[in-house]
Amino acid sequence: MLFDNYQPAEAFDEAFKKSGEFRAHYQAVVERLGDVTPEEFQSIQRTLSLSFLKQGVTFTVYNDDEGTERIFPFDPVPRVIPGDEWALLEKGLIQRIEALNLFLKDIYSDQKVIKDKIIPKETVYTAAHYRDELRGVKVPNDSYVQICGTDLIRDEKNGYLVLEDNCRCPSGVSYLLENRAAMKKVYPSLFQEMGVRPVDVYSDWLLEVLEGLSQPDNHEPVCVLLTPGVYNSAYFEHSFLASRMGIQIVEGRDLVVQNEVVYMKTTRGLERVDVIYRRIDDDFLDPEVFRKDSLLGVPGLMRAYRAGNVALANTVGTGVADDKVVYKYVPDFIKYYLDEEPILPNVETYLASEEKEMSHIMENLDQLVVKAANESGGYGMLVGPKSTKKEIEDFRGKIKESPRNYVAQPMISLSTHPTFCDDQISPRHIDLRPYILAGEETRVVPGGLTRVALNEGSIVVNSSQGGGSKDTWVLY
Amino acid sequence: MLSRVAESLMWLSRYVERAKSLARIVEVADQLALDYSHPKLCSADLFWKPILRSYGYGEEDIEQLESKEDFHRFLLVDGENAGSVFRALTFARENARGAREQLSSELWEVLNELYLWCKDQSNSSATLNPAVYGARVRQGCLQLRGLIEEMMPREEAWCFLRLGTMLERADQTSRLLDLKTFMPGKDDDEGHAFEPYVWLCIMRGCGAGSQRGFGNVEADWPRLNQTLVYNPVFPPSIRYCVREVNNVLHELSGSALGVFNNEGERNCGRFLAELDLGAFSGEIEGDLHEFLDGVQQSLIAINEGVHQAYSYPADPVVEDDEPEEEEEPEPVVATQTQSQS
């Protein structure tokens with residue numbers, strides 16, 4: 001019996017209580033999977049890995065001569081979220097993205113939030129992804145972020161917490177969809193028995209959101225997905241989403257701007273493009289405006305955009321909301337714009353740029369997690385309790401040098417989940433990335449990408465750093 | 001369809017056809033070499049060097065190779081040789097990635113699996129058996145063709161795939177016919193005894209090994225021309241391929257046969273007319289090698305015409321920029337010309 005020897009770790013365990021009993025919503029999973037032998041489990045895992053490899057559900061590892069394609073390791077023990085718990089998460093996520101959209105609209109127009117002293121002007125203006133040149137540019141439906149992936153974690157004391165917002169080009173949704181397809185083949189009976197909500201609607205919703213950004217007079221809006229190209233680490237996801245939605249996947253060199261209108265180059269000549277779901281960062285979008293050396297972008301795109309002839313999802317400049325210093329103010333935005341209490345709290349955050357907080361950080365470096373304000377993917381991070389003296393001192397220097405670029409948080413013990421590792425089921429730390437789509441209506445796909453730190457004790461779940469994924473089952 | 005995607009589709013099927021053809025000739029030559037021993041020449045001189053010459057490799061490449069295992073590895077699995085079967089499949093896969101939303105997931109998976117298998121072979125140090133390798137590659141390539149023929153609507157994507165296959169097949173047939181130029185022939189002392197092997201190598205290499213009455217191994221050169229150059233209904237024949245290209249081009253442009261819309265169609269029409277007229281006598285006038293060179297040039301001209309007709313001409317001309325002669329944009333990863341001297 002696979003679960004018989006399961007020892008929940010110190011942290012909050014999603015499936016088991018401290019007493020060793022499973023939580024009610026895990027009953028079916030524990031009972032069914034408990035009967036599976038380790039050999040069968042290994043064979044399931046092998047089959048799944050092989051099928052991902054064959055389908056090319058891979059990401060590319062950079063810094064590797066061969067540009068090796070790897071699969072994102074997949075753990076076949078599903079995470080289960082009960083319906084009522086999900087309802088709360090959903091409300092909290094929708095509240096948060098509404099506030100973020102109002103914040104973005106505000107700072108790219110009147111900046112009342114600065115005038116009312118909710119957030120310091122310098123904080124906004126020094127955010128790496130703030131784009132002052134876009135102030136005053138009207139965007140369709142006043143909507144800045146249409147596609148968002150918010151990272152949540154959970155601990156014993158506080159329940160779910162928001163770790164970070166991803167308002168630029170959040171990735172990973174293809175894993176959510178592919179993981180589900182794989183799980184349905186492996187455990188068909190469990191889905192019926194437990195009542196798992198389907199996630200397949202994602203691509204329909206996404207297309208609806210994209211089409212909602214443009215109302216051309218005499219034709220259906222033409223939407224395309226703009227990718228950096230086949231060598232990008234998320235290219236599989238780009239082509240997967242484009243083909244699910246039935247839209248063209250284009251590279252920068254497939255597009256051309258004439259008279260401030262964007263066209264794609266087709267075998268029948270030029271065809272007008274109305275909406276671009278771009279999976280290229282702001283910096284590379286348009287060499288006329290941003291990085292001059294970008295070969296990925298489309299010269300003139302921003303002119304077309306300012307003229308209102310093309311919509312971009314997400315809008316340019318949304319990265320300011322991903323800044324980890326700005327993050328600290330999001331609960332205040334929720335109160336300020338919506339006059340509501342935040343449903344999903346932030347992780348307590350100290351800013352190195354604030355004198356008092358700086359001294360707290362300096363005194364407790366060995367207890368804190370320090371993050372660079374504009375890095376993602378688990379890079380530029382110090383996990384105090386797990387670092388050597390030298391690493392801590394190195395970071396101390398970096399923080400002093402540019403306080404604006406660092407924040408610190410107490411070390412949160414991420415919740416754990418039963419995970420199949422080395423022939424047995426053991427607890428491993430996890431997080432959760434749900435995907436939010438904000439169109440006429442804001443919706444959260446009932447599911448998400450559960451990332452799991454496969455190395456024992458590790459709390460870094462990023463795919464680039466030894467992370468894997470699980471399917472996330474939201475119940476009716 | 002995006003011009004880039006159309007181009008990728010064409011190159012995808014070109015590379016698949018190339019991989020299939022190359023795997024087959026290595027397999028065929030290897031089997032024939034087992035049957036024939038020459039008093040003076042070794043199998044490298046009889047088979048492998050002529051094959052490399054016919055594919056346009058330079059003498060410096062050829063000199064590096066000694067044993068027949070060297071030749072096998074070089075042609076089948078060598079990751080450094082842009083003309084190897086493995087590299088052809090790598091290019092095919094890269095092009096497929098760039099056009100993936102036009103292809104069924106099944107098709108992609110078959111190609112990807114074949115690629116992964118060949119990659120394993122490339123990384124392995126075990127001795128290659130061309131018969132096993134060839135069988136796997138041909139099976140995979142034929143499965144791909146089957147999926148394309150069975151599952152794809154006869155629309156643009158199919159047309160570009162078809163175009164690539166037929167252009168490449170004609171090119172491959174011409175290269176194999178050229179073995180007659182490069183393999184030891186009549187002038188050689190032992191040439192007469194070897195002649196049937198040349199003939200067999202070409203016929204089997206082109207997949208014409210199961211033609212009726214093939215039990216006869218006497219070299220029958222007129223039949224070779226009739227089968228592989230002028231035959232109107234046999235798929236490996238050059239005339240057949242060019243006529244298919246012609247049909248597909250007119251399907252793409254929607255114009256009637258005999259009406260020419262672009263350089264691709266004009267070049268193809270001209271070449272097809274030459275072949276149709278030549279078929280009357282069924283003979284090749286003049287030197288075979290020159291004739292085949294002409295075939296390859298005509299195919300390149302068609303390819304260039306197609307590229308011009310279906311890609312967006314040039315980037316908009318910016319004022320005070322003098323118009324530059326734009327290099328033709330390369331397809332994803334692919335080199336347009338084969339490793340030709």
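Which residues does the domain assignment of chain A give to domain 1, and which to domain 2? Select 1-214 + 310-347 + 423-476 of chain A for domain 1 and 350-410 for domain 2, bounds that come from an automatic or database domain assignment. The model is predicted: local features need pLDDT of at least 70 and side-chain atom pairs count only at pLDDT 80 or more, while totals for chains, interfaces and linings use all residues. Residues are numbered from 1 along each chain as its sequence is written, with chains lettered from A and ligands numbered from 1 in the order in which they are written.

Keep both domains of chain A on display: their C-alpha centres lie 25 Å apart. The contact between them takes eleven residues from domain 1 of chain A and ten residues from domain 2 of chain A, two residues being in contact if their C-beta atoms, placed from the backbone, lie within 7 Å.

Next, select domain 2 of chain A by itself, where four strands form an open antiparallel sheet in the order β13-β16-β14-β15; strands (E, at least two residues) and helices (H or I, at least four) are DSSP runs numbered from the N terminus, and two strands pair if DSSP finds at least two bridges between them. β13 (350-351) and β15 (381-383) of chain A stand at the edges with a single partner strand each, so one side of each has no neighbour in the sheet. Zoom in on β13(A), which pairs with β16 (residues 406-410) of chain A over two bridges in the antiparallel sense, and find A:Leu351 opposite A:Val407 in β16(A). Then add helix α15 (residues 389-401) of chain A, which lies across β14 (368-372), β15 and β16 of chain A and runs at about 135° to β15(A); the angle is taken between N-to-C directions, on a scale from 0 to 180 degrees, of axes fitted to C-alpha atoms, for helices over the stretch in contact.

Now turn to the contact between the chains, which takes 21 residues from chain B and 20 residues from chain A. On the chain B side, α1 (3-35), α5 (85-98) and α6 (105-123) each supply at least two residues, and the largest share, five residues, comes from α6(B).

As a last stop, select B:Ala92, which touches B:Leu12, B:Tyr15, B:Val16, B:Ala19 and B:Leu111, not counting residues up to four places away in sequence.
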